[in-house]
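Biologist: Could you take me on a close look at one part of this protein, the second largest pocket and what lines it? I'd be glad to hear about the other empty space and the cysteines afterwards.

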Amino acid sequence: MVYAVLVASAFLIEVALNMPLGSLPLALIHAHVPAGHIALVLGAGPLAALVVSVPIGGLADRFGRLPAIRIAACLCVVSVGALAYVHDPILTGLIMAIRSIAVTAYVTAEFAYASAVVAPERAVSATATFGMVRQLEFC
């Protein structure tokens with residue numbers, strides 16, 4: 001049951017966090033942000049995720065998976081809420097970086113938690129399932 005809740009929450013947070021991103025370039029265009037700046041804003045997220053992936057894993061190991069999931073979920077909500085109101089390229093890029101760091105922390109901690117709540121022989125397939133859910137971002 002815990003595993004099913006984890007998969008459902010991973011799916012729902014992925015959908016909630018990625019749905020607004022399709023309209024973000026349109027909002028920035030409407031705010032008269034140059035196209036080159038829009039590209040930099042959208043690139044801030046993946047770059048931030050790349051930089052913090054390993055340190056985030058260390059923090060999740062040190063402070064625990066559940067606290068990492070909770071803090072990351074709160075950061076996700078705040079960052080997506082902030083995207084609705086901020087259309088300055090620098091601030092939006094910063095918010096996109098925070099959003100990406102939060103998603104990375106959430107997914108990393110959830111991968112670790114999922115591998116701990118299932119039987120040892122199912123740990124890899126459980127983690128792979130979360131990888132599939134995570135890849136929905138790119139669909």
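Modeller: Happy to! In this predicted model, the helix that gives the most to the lining of the second largest pocket is α4, with five residues. It does not work alone, since α3 (35-63), α4 (65-83) and α5 (89-117) each supply at least two residues of that lining. In total, 13 residues line the second largest pocket. If you want to find its centre on your screen, look for I56, L59, A68, I71 and A105, which lie nearest to it. The space inside comes to about 180 Å³. As for the chemistry, the lining of this pocket has 12 nonpolar residues and one polar residue, with no charged residue among them.

Now for the enclosed space. The count of cavities of 30 Å³ or more is one, and the largest cavity holds about 50 Å³. Here the helices that each supply at least two lining residues are α1 (2-18), α5 and α6 (123-134). So which residues would you click on? The lining of the largest cavity consists of A10, I13, E14, V107, E110, F111, F130, V133 and R134. By class, six of these residues are nonpolar, three are charged and none is polar. Helix α5 is therefore worth keeping in view, as α5 supplies at least two residues to the lining of the second largest pocket and at least two to that of the largest cavity.

On to the cysteines. A search of the whole structure turns up zero disulfides. C74 is in none, and the nearest cysteine sulfur to its own belongs to C76, 9.1 Å away. Why is C76 unpaired as well? Its closest cysteine sulfur is the one in C74, and because a disulfide needs the two sulfur atoms within 2.5 Å, the 9.1 Å between them is too far for a bond. The surroundings of the two residues are worth a look too: C74 is exposed, with a relative accessible area of 51%, whereas C76 is buried, at 2%.

Last, the rings. There are zero aromatic pairs in the structure. One ring does have a charge over it, though: R122 lies over the face of Y3, 5.6 Å from the ring centre.

Notes
Residues numbered from 1 in each chain as written. Predicted model: local features only at pLDDT ≥ 70, side-chain atom pairs only at ≥ 80, totals over all residues. Heavy atoms only, no water. Buried < 20%, exposed > 50% of the residue type's maximum accessible area, 1.4 Å probe, protein only. 1 Å grid on protein atoms, 1.4 Å probe; cavity = no way out; pocket = protein on both sides within 12 Å on 5 of 7 lines; lining within 4 Å. Points joined across faces, edges and corners; volume = space filled by probe spheres on them. Helix = DSSP H or I, 4+ residues; strand = E, 2+ residues; numbered from the N terminus. Nonpolar A, V, L, I, M, F, W, Y, C, P; charged D, E, K, R; others polar. Phe/Tyr/Trp six-rings, centres within 6.5 Å; stacked < 30°, edge-to-face > 60°. Lys NZ or Arg CZ within 6 Å of the ring centre and 35° of its normal.
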